[in-house]
Amino acid sequence: MKKEKLPAAVAALRVMQEWGVERIYGLPAGSLNTWMDALYDEQEKMDFIQVRHEEVGALAASMQYKFSGKIGVCLGSGGPGATHLINGLYDAKHDNIPLLAIMGTRDEKELNLDAFQEFNQNPYYNDAAVYNRRVAYAEQLPKVIDEAIRTAISQKGVAVVEVPVNYGWVEIDADSFYSSASSHRKYPHPLLNEEDIDAAVEILENAKRPVIYAGIGTRGNGDAVVELSRKLKAPVAITGINYDTFDYAFEAQLGSAYRVARKTANEAIDEADTILFTGSNFPFSEVEGFFDHVDNFINIDIDPHKLGKRHQADAAILGDAGDAIRSITQKISVKEESPWYRANLDNIKNWSEYTSYLEEKTQGPLQLYQVYHAINQAADEDAIYSIDVGNTTQTSGRHLKLTPKNMWRTSALFATMGNGLPGALAAKAEFPHRQVWNLCGDGAFSMVYPDIVTAVQYQLPSISVVFSNREYGFIKNAQEESNQQHYGVDFMDIDFAKIAEAQGAVGYTVREIEELEKIFQQAVQDEKAGKVVVIDCKITDDRPMPVENLVLDPKHHAQEDIEAYKKRYEAENLKPFREFLEKQGLSSRHQ
């Protein structure tokens with residue numbers, strides 16, 4: 001009996017489908033034509049999202065997993081298309097994101113002959129990938145794809161597969177391959193070592209000034225962290241990518257620390273004697289010696305490689321952050337509300353009053369703060385936010401009113417500009433019935449705005465809010481601290497609303513505070529009607545407060561410097577943490 005045959009590329013797509021792959025991001029090319037044929041054949045079961053730049057496709061594939069937990073797949077042609085993918089692959093690598101990147105290359109007979117667009121692609125991806133292979137013969141293609149996906153998911157990284165273009169057209173036996181997806185199992189949570197838990201509990205029982213530092217490993221366990229915080233009377237600092245784990249109204253939330261941060265977190269950590277560091281890989285803690293002054297450091301992580309990585313640990317717990325937090329909470333005694341805890345609550349309230357004042361201004365030039373207020377007023381309670389890199393990362397963590405009903409995602413450790421729009425594409429594709437926002441600066445949006453037309457073409461409505469201040473603000477602010485002058489950071493204004501309209505989207509421009517409410521309400525209606533919206537907000541170039549370099553405490557700064565600082569950042573009523581400590585009868589650890 002004649003065996004059933006099918007093209008090797010179709011077989012590979014069917015393997016992907018077994019792993020839950022529903023779409024592939026990329027654009028066509030001669031070295032990818034075999035995949036285009038296969039995608040045409042499988043279009044009822046799998047979508048092809050034709051992006052305008054391969055980098056957008058790779059970033060969308062990476063962001064897809066961050067939003068949905070489903071592995072993303074992108075295509076790059078041999079040579080320039082493949083190299084365009086690299087930024088998205090490194091975003092995935094740094095954030096431990098499973099991703100499959102398929103690279104085209106020349107026909108087998110042209111390999112190693114310096115053919116058109118040929119280069120030795122395999123070494124190029126060695127650093128980025130946990131799996132990096134060229135398919136050796138056509139029948140191997142679906143098997144290598146299966147191995148690549150299994151490796152990417154199990155090792156939480158990038159898998160790269162290079163495929164000579166002629167292999168995908170070869171007819172192979174339909175029973176010569178299979179998908180191992182049904183055999184995939186997640187690692188069970190490690191069994192907690194009770195001696196390690198007890199060591200942590202003993203430290204916390206004796207701590208006078210504890211702070212919980214809740215990293216992304218606590219996602220899905222926010223209630224457990226809050227329960228421990230209230231029982232221990234310890235305020236909670238969070239890593240900058242973990243805001244949506246907690247309700248913004250949680251009374252003891254300090255926000256994130258260092259530069260993409262809030263004042264309250266930096267001050268509390270600076271005065272703390274004990275840090276419960278859980279589920280985080282905060283790089284600046286090691287580089288800047290962020291915890292060098294504390295007496296005790298407790299490290300919780302599910303990855304043994306990260307225990308002790310960022311700071312020497314006095315107690316180390318291998319395990320799931322939520323499991324460990326719950327175990328500690330069961331064993332810890334209930335603490336009375338301490339002067340330390342009350343001082344932090346007062347400091348948090350003072351900071352909240354400051355940010356509310358900025359957000360709710362009704363007069364004066366348009367600043368980014370009032371734009372956030374408009375977003376908070378207009379957004380659905382379960383809105384999804386794709387956040388670009390720069391001032392937007394910093395300020396969204398200060399001003400968005402997030403709860404666990406939301407999703408907030410960005411390019412975290414690699415911090416590549418231009419990830420916001422690709423993330424919005426991926427989020428809307430995964431969650432078509434939820435409201436999606438792309439928040440970005442004009443520098444970042446300039447990198448990727450051609451793919452607004454991708455959202456229009458594939459009917460993926462979202463609202464892109466562009467904070468236009470005609471500069472690379474985050475870099476300009478850094479130059480203020482390190483350089484003799486600003487250079488290379490300013491650029492000309494762009495009419496993004498007009499560009500959006502040319503792409504088939506709806507474009508709005510906001511120049512005044514009083515325009516915000518009406519335009520944002522209309523934008524939400526447009527998005528719900530299936531339209532892609534771009535709101536170009538022409539804001540001032542006011543620098544958000546650099547909370548890593550506070551000038552508020554008269555014990556450390558001259559009064560004239562304090563007055564100048566408060567005037568610049570409109571912070572006349574903002575107080576140094578020392579005042580709240582002394583009000584509670586405590587002294588600063590830094591006299």
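**A six-stranded parallel sheet and its surroundings**

In this predicted model, six strands line up as an open sheet in the order β11-β10-β9-β12-β13-β14, with parallel pairing (strands are DSSP E runs of at least two residues, helices H or I runs of at least four, both numbered from the N terminus; two strands pair if DSSP finds at least two bridges between them). The edges belong to β11 (253-255) and β14 (315-318), and each has a single partner strand, so one side of each goes without a neighbour in the sheet. From one strand to the next, the twist averages 20° (axes are lines fitted to C-alpha atoms, for helices over the stretch in contact, and angles run from 0 to 180 degrees between N-to-C directions).

At the β11 edge, two bridges join β11 to β10 (residues 236-238) in the parallel sense, and Ala 237 sits opposite Gly 255 of β11. Helix α10 (residues 263-271) lies across β9 (210-214), β10, β11 and β12 (274-278), and runs at about 105° to β11.

Further along the chain, helix α14 (residues 368-378) is mostly covered, with nine of its eleven residues buried (under 20% relative accessible area, 1.4 Å probe, protein chains only). Among the buried ones are Leu 368, Tyr 369, Tyr 372 and Ile 375.

As for annotation, an unreviewed UniProt entry lists residues 12-121 as "domain: Thiamine pyrophosphate enzyme N-terminal TPP-binding"; such annotations may be inferred rather than shown by experiment. That span is 42% helix and 18% strand, and its end C-alpha atoms lie 21 Å apart.

Residues are numbered from 1 along each chain as its sequence is written, and side-chain values use heavy atoms, leaving out hydrogens and water. Local features need pLDDT of at least 70 and side-chain atom pairs count only at pLDDT 80 or more, while totals for chains, interfaces and linings use all residues.

Methods:
Buried < 20%, exposed > 50% of the residue type's maximum accessible area, 1.4 Å probe, protein only. Contact = heavy atoms within 4.5 Å.
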